[in-house]
Amino acid sequence: MAVIRPHGDELYRLLDEQSALRRVATLVAAGSSDEDLARAVGAEIGELFGAEAANVLRWDGETLRVVGEWSMTGENRWRAGSVFTFGGDTITARVIAAAGPARVDSAADLETEFGRARWRELGLEASIGAPIVIDGNVWGVVTASRRTPGAPFPPGAEEQLADFAALVATAIANSQSRREIALLAEEQAALRRVATLVAAGRPQVDVVEAVAHEVSKLHEADAVHLVRWEGVVDEVVVVGGWSNDSEESLSPGSLYHPAPGSATLQVLETGLCSRTDESSLELGCRSVISAPVIVDATLRGALTALRPCGEPFPVGAEVRLRSFGDLAAQA
């Protein structure tokens, strides 16, 4: 097992580190999945730094989700998929606050009860961490930990860990780019299928149904509706729609009453794409994206896609929805 050696073996330590970095870089170049890369990075840094556990965690601004984990014994309380509350004086909080490497050498270093309770919960004695930074923002954290009392990591180990975090950031950025390219290709194919129906002069109901179906697949929506504004706030008529659950669908001609400030009403009042969590008498609380449907320079309605509350659409989804709203308008 490769571990950090005494200072007299600095050359060997450096060779071990470079070998581990090359192996991780090879996975990055091969386009490994985020999960596979996270597991591999955990194993490499765990062995290289003489750690007993290592983790790659995703930070969403409120919680931490374990993307990949490694443990010397195979027992790690930070299992992949586990979600932890963020806060207090913990190794992850220090890394995120500084947007740089950090370390905790013992429980005595922690300044909050939250941090000390988390420390005890995970059975830790020492930890180092480094940020995964993408586009200038902290995407997540890489950590390595020990559970043996009185065995802090060598000085500067957290700085060396940052090299692995940088490789993880590169891999995730590449993965996101590949997903964006794939999504763009799927979107263009969906738009071509609907445009073909419009060009062929197919009935409006067929086009609306096709638009709703394509949008639902592309954006992984539970329901999609084309609504027509009657000109009075809170009085919105559903023209057509689709749902993967009949209980969530609204029949053509039925009234839809989104709450004030909702994405749907924002679109109908401003003509601009919008997104928000909104509620209605008919469907309850939903995460919604909405785009205008403009006919002959007149705002006639909105195309909306819905998910359960707490499952927001990806950033920019409401803008991409606009192209489908334009095709619905042509029908």
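How many residues lie between β1 and β2 in their hairpin, and which residue in the turn has a positive phi? In this predicted model, three residues separate the two strands, and G61 is the turn residue with a positive phi, about 100°.

Let's stay with this hairpin for a moment. Strand β1 covers residues 53-59 and runs antiparallel to β2, with seven bridges joining the pair. One of the pairings to look for is N55 with its bridge partner E69 in β2. On to the next strand: β2 is also joined to β3 (residues 83-85), again in antiparallel fashion, through three bridges. There, R65 has V83 of β3 as its bridge partner.

| Strand pair | Bridges | Direction | A bridge pair |
|---|---|---|---|
| β1 and β2 | seven bridges | antiparallel | N55 and E69 |
| β2 and β3 | three bridges | antiparallel | R65 and V83 |

Why is β2 described as largely enclosed by the rest of the structure? Seven of its nine residues (the strand spans 63-71) are buried, so the surrounding structure largely encloses it.

Now for the nonpolar cores. The largest one has 27 residues, and those touching the most other members are V194, V211, V215, V224, L303, A305 and F324. Elements giving two or more residues to this core are α5 (157-199), α6 (204-219), β7 (223-232), β11 (284-295), β12 (298-308) and α8 (317-330). Helix α6 supplies the largest share, seven residues.

L303 is a good place to zoom in: beyond its neighbours within four places in sequence, its contacts include V211, V215, V224, I289, V293, L321 and F324. Apart from the largest core lies another, of 25 residues, with V41, I45, I128 and A165 among them.

Terms used. Residues are numbered from 1 along each chain as its sequence is written. This is a predicted model: local features need pLDDT of at least 70, side-chain atom pairs count only at pLDDT 80 or more; totals for chains, interfaces and linings use all residues. Side-chain values use heavy atoms; hydrogens and water are left out. Buried means under 20% relative accessible area, exposed over 50%, partly exposed in between (1.4 Å probe, protein chains only). Helices (H or I, at least four residues) and strands (E, at least two) are DSSP runs, numbered from the N terminus. Two strands pair if DSSP finds at least two bridges between them. A nonpolar core is a set of buried Ala, Val, Leu, Ile, Met, Phe, Trp, Tyr and Cys residues joined through side-chain atoms within 4.5 Å. Contact means heavy atoms within 4.5 Å.
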